[in-house]
Amino acid sequence: MTVNEPTNHQDLAEAPAATGEVADLLAMLAKQRHFLRFTTRDLTDEQAGLAPTASELCLGGLIKHVASVERGWAAFILEGPSSMPDFTKMTEADFARRADEFKMLPGETLAGVLAEYADVARRTDELVAKLPDLSASHPLPKAPWFEAGAQWSARRVLMHIVAETAQHAGHADIIRESLDGAKSMG
């Protein structure tokens, strides 16, 4: 099955009415999401699951991962570190399940992955647009990659989601070009 990028962008998560800094952050996130999704235009489910570079990354897996990360950080904005695992206590099995985020598993479709990502994006945008204060913060969960005792504000979390999405959109562009020569820009 080939999935086309929608031309009217109806199913792309559009930022709810927001102003100022919130509007700017949501607009930047929407742009990065578009670039990530755009790399999958006209691909089949099989193509979305291929890893044509030295990396094990595939386009469908990148979108699954970005959706999962965004979902987790949105929960963090609302609930704090209790919404995330204690990464210092993760087992090999936990890390193996996490690695499945980066793969198209049997029975998964590109259309399904894209629909889930659009739903996550819509929920994040609605949450952020309704936040009374982007400065509200929570302590970070335990993880070897976080500074002990650090806190992140909703603003910083949102900037992290934008950066993560942009980074993976770049990965996706390289993967797509390796698949069939198609580029997001140029």
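These legends go with close-up views of salt bridges and a pocket in a predicted model.

**View 1. Glu21 and Arg155 pair up across two helices.**
Here the side chains of Glu21 and Arg155 form a salt bridge, with 2.6 Å from N to O. Glu21 belongs to helix α1 (residues 20-38) and Arg155 to helix α6 (residues 154-180), so this contact ties together parts of the chain that sit 134 residues apart in sequence. Glu21 is partly exposed, at 37% relative accessibility, and Arg155 also counts as partly exposed, with a relative accessible area of 24%. This pair is one of 12 salt bridges in the structure.

**View 2. Arg71 reaches Glu116 in a salt bridge.**
The N to O distance for this pair is 2.7 Å. Arg71 comes from helix α3 (residues 59-79) and Glu116 from helix α5 (residues 110-130), so the bridge links parts 45 residues apart in sequence. As for solvent, Arg71 is partly exposed at 34% relative accessibility, and Glu116 is partly exposed at 33%.

**View 3. Arg122 and Glu126 meet within helix α5.**
This time both partners lie in one helix, α5, 4 residues apart, or about one turn. Their side chains make a salt bridge at 3.2 Å, N to O. Arg122 has 36% relative accessibility and counts as partly exposed; Glu126, at 32%, is partly exposed too. Zoom out a little and there's a network: salt bridges with shared partners join Arg71, Glu116, Asp119, Arg122, Arg123 and Glu126. The pair from View 2, Arg71 and Glu116, therefore turns up again here, still bridging α3 and α5.

**View 4. The largest pocket holds about 440 Å³ of space.**
Rolling a probe the size of a water molecule over the atoms is a handy way to show where empty space is left. The largest pocket is lined by 19 residues, and the closest to its centre are Val69, Trp73, Met84, Phe87 and Arg98.

**View 5. Helix α3 gives the largest share of the pocket lining.**
Which helices each supply at least two residues of the lining of the largest pocket? They are α3, α4 (92-99) and α6. Of these, α3 contributes 6 residues, the largest share. Sorted by class, the lining has 10 nonpolar residues, 5 polar ones and 4 charged ones. Helix α3 also appears in View 2, where its Arg71 pairs with Glu116 of α5.

Notes
Residues are numbered from 1 along each chain as its sequence is written. This is a predicted model: local features need pLDDT of at least 70, side-chain atom pairs count only at pLDDT 80 or more; totals for chains, interfaces and linings use all residues. Side-chain values use heavy atoms; hydrogens and water are left out. A salt bridge is a side-chain nitrogen of Lys or Arg within 4 Å of a carboxyl oxygen of Asp or Glu. Buried means under 20% relative accessible area, exposed over 50%, partly exposed in between (1.4 Å probe, protein chains only). On a 1 Å grid over the protein atoms alone, a cavity is a set of points where a 1.4 Å probe fits but cannot get out, and a pocket is an open set with protein on both sides within 12 Å along at least five of seven lines; lining residues have an atom within 4 Å of a point. Grid points are joined across faces, edges and corners, and a volume is the space filled by probe spheres set on the points. Ala, Val, Leu, Ile, Met, Phe, Trp, Tyr, Cys and Pro count as nonpolar, Asp, Glu, Lys and Arg as charged, and the others, Gly among them, as polar.
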